[in-house]
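I am opening a notebook on a structure that is new to me, and I want to record what I looked up in the order in which I looked.

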Amino acid sequence: MDAAQAISLVANWIRSHGLDYPTEELTADRFESGWSVYAPVAVDDSDPMAFLDMPVGRSVFLVGDSGRIEEVSSSVPPQHAQDRFTVQEIANASAGSDESQFMAEFERAFHQAGAGQLPAVSSFTVVDNPPDDARTAAEASQLLEPIVPRLAQLGPAGWQRFSAEFAFTVSAEIARLVFWSGDRSLPVPVPLRVGEMVRHQRDIAARMPAGPWWRLLLTVTSRGEMTVGYDYGDEPFPDGQLMSPEHYRNDLATYPRPHVPVWLAGYVAGPAAQGRDPQRAAAAAAADAAAGRTATAVDDVPRLADVWARWAALSAVYAGIRSDWGPRIFPGHGWYESDRRSGSVLYLLPGERAVLSGGKWNSELLEAAYNGGRPLPDLYAGAPAWVTDSVLNTRNRNGLLTFCLWWDGGRWHRGATDTSGELDVPLPRIWTPDETVRAMTSQTGPGTAAACEALLTAVGNRRAHAHEVAALFTRVPGADVGTAINQLSLAGLLAA
């Protein structure tokens with residue numbers, strides 16, 4: 001089916017159903033399983049209030065390659081409507097019964113026969129109740145229609161677009177409304193009445209399989225173009241829209257969900273899940289000793305001196321090229337956050353002791369614990385009392401720590417859970433000298449491998465010199481050699 005055929009089918013469908021909808025100059029856009037047919041909206045650009053007279057939830061007609069037509073509201077996110085339509089098309093095609101094939105062919109022939117002229121039969125309807133979730137989605141979308149004009153009326157004269165962001169739970173609400181005109185922005189308070197309408201919309205949306213949204217995102221232009229986004233927490237909420245944990249607990253008690261994003265589940269769990277203050281650490285260590293629980297010695301990570309030297313060499317490189325990424329050395333500890341929301345810290349302690357801990361963003365261990373009914377990973381079994389919050393990656397405050405190792409007696413140790421699969425992504429490239437050199441040269445450029453190898457060797461011997469650091473950056477204009485040297489100084493690896 002081509003665009004002209006889709007438009008013809010829709011025009012006839014509109015006339016046969018007696019809809020108050022223009023049939024002239026219809027437009028068709030292709031998607032995976034058919035065409036999206038609609039009437040473009042003309043707006044008087046000279047009148048900034050013309051938007052208020054526009055129909056917010058105007059109909060869009062989805063026409064499948066099978067000939068099936070479905071009317072949807074433009075307030076439904078287009079991709080959502082098209083995906084749902086495509087699923088139904090596939091389901092209809094897979095049904096494959098003689099009856100369904102006959103009815104589909106009959107309906108298609110009916111509409112084609114009437115294309116271009118009024119049909120003898122006023123309408124043709126296949127009686128089929130939409131599934132409950134489809135009806136709920138449509139009802140939730142329709143409830144947005146009166147909200148948008150109310151928000152639009154709050155804007156200054158000449159506004160060009162606005163965004164409205166609503167972060168709601170059953171016990172707390174955050175609303176943010178901003179209008180733009182050119183480069184200027186104007187925040188505007190959201191009236192309580194609009195908040196009530198949004199709350200009602202969320203209550204209806206809660207009946208959908210995904211449950212109630214955590215954030216509702218609306219973007220509207222003065223031309224009447226609207227996009228709607230439901231945020232279910234796939235990514236952490238932005239600053240200013242993250243509520244206290246008790247509000248999410250209240251919401252989950254009211255609307256239980258089969259799946260909660262791991263980061264949010266950890267946030268709700270809070271310090272009680274993985275916190276280890278000195279009192280708690282001492283009690284746990286005493287209980288372990290009394291029960292005969294001991295730590296597990298592991299060889300997953302190179303020895304402490306090698307890890308520290310490689311971490312410091314990489315830190316010098318990233319600091320020298322003025323990168324916002326890469327590991328860093330601070331007094332007494334190394335820090336690293338990857339670009340994939342994973343990271344770690346390494347704390348050095350007196351007496352040849354250290355603690356290495358962190359978290360992997362997409363940890364299977366945490367997914368199994370928070371959504372699979374399994375216990376949280378046992379990271380501290382047999383840990384000495386000096387493994388406390390003060391030397392742990394701050395992920396433990398939000399229940400997102402996925403590994404914890406401590407160096408004692410010349411070896412690394414861990415708790416009862418095998419966390420070897422959690423280590424690669426959250427740690428910088430410190431596994432072998434060759435890997436560390438490759439990571440260094442990826443930033444300093446070709447032709448610097450020899451200089452990187454020389455510095456890494458010197459750092460490993462705690463005898464690095466300033467000129468060896470400077471040699472790394474011969475191909476990096478404007479390098480900050482002084483800061484790179486300072487990283488090795490903080491690590492205690494410069495020659496006296």
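**Strands, a helix and a pocket**

I began with strand 5 and found that eight bridges join it to strand 6 (residues 173–181), the two running antiparallel. I am working from a predicted model, and I keep that in mind throughout these entries. To fix the register of this pair I looked for facing residues, and I noted that A164 stands opposite L177 in strand 6. The link between strand 5 and strand 6 is a hairpin, which passes through four residues.

Which other strand is joined to strand 5 by seven bridges? I found that it is strand 8 (residues 215–221), which also runs antiparallel to strand 5, and here A167 stands opposite R215. I then asked how many of the eight residues of strand 5 are buried. Seven of them are, so I wrote down strand 5 (residues 161–168) as largely enclosed by the rest of the structure. As a reminder to myself, side chains in a regular strand alternate between the two faces of the sheet.

Next I turned to another hairpin, which is formed by strand 1 and strand 2 with two residues between them. Strand 1 covers residues 27–31 and strand 2 covers residues 34–38, and they pair in the antiparallel sense over five bridges. In this pair I noted F31, which stands opposite G34.

**Helix 8**

Is helix 8 mostly covered or mostly uncovered? I found it mostly covered, since seven of the eight residues in the stretch 262–269 are buried. I listed the buried ones as V262, W263, L264, A265, G266, Y267 and V268. When I looked for what covers these residues, I found that helix 7 (245–254) and helix 12 (364–371) are included. Just after helix 8 comes G270, for which I noted a positive phi of about 70 degrees.

**The second largest pocket**

I then looked up the second largest pocket, whose volume is about 780 Å³. It is lined by 34 residues, and those closest to its centre are P236, V262, W263, W361 and L400. V262 and W263 I had already met among the buried residues of helix 8. Which helix gives the most to the lining of this pocket? It is helix 8, with three residues, while helix 8 and helix 12 each supply at least two. By character, I noted that the lining divides into 16 nonpolar, nine polar and nine charged residues.

**Two arginines with positive phi**

I noted R322 because it has a positive phi of about 65 degrees although it is not a glycine, and, at 55% relative accessibility, it counts as exposed. R322 lies in the loop between helix 11 (304–320) and strand 11 (328–330).

For R341, another residue that is not a glycine, I also found a positive phi, near 65 degrees. The place of R341 is in the loop between strand 12 (333–337) and strand 13 (343–349), and with a relative accessible area of 41% it is partly exposed.

**Cysteines**

Last, I checked for disulfides and found that the structure holds zero of them. Are C404 and C452 buried or exposed? I found C404 buried, with a relative accessible area of 1%, and C452 counts as buried at 0% relative accessibility.

Note on methods: Residues numbered from 1 in each chain as written. Predicted model: local features only at pLDDT ≥ 70, side-chain atom pairs only at ≥ 80, totals over all residues. Heavy atoms only, no water. Pairing = 2+ DSSP bridges. Buried < 20%, exposed > 50% of the residue type's maximum accessible area, 1.4 Å probe, protein only. Contact = heavy atoms within 4.5 Å. Disulfide = S-S within 2.5 Å. 1 Å grid on protein atoms, 1.4 Å probe; cavity = no way out; pocket = protein on both sides within 12 Å on 5 of 7 lines; lining within 4 Å. Points joined across faces, edges and corners; volume = space filled by probe spheres on them. Nonpolar A, V, L, I, M, F, W, Y, C, P; charged D, E, K, R; others polar.
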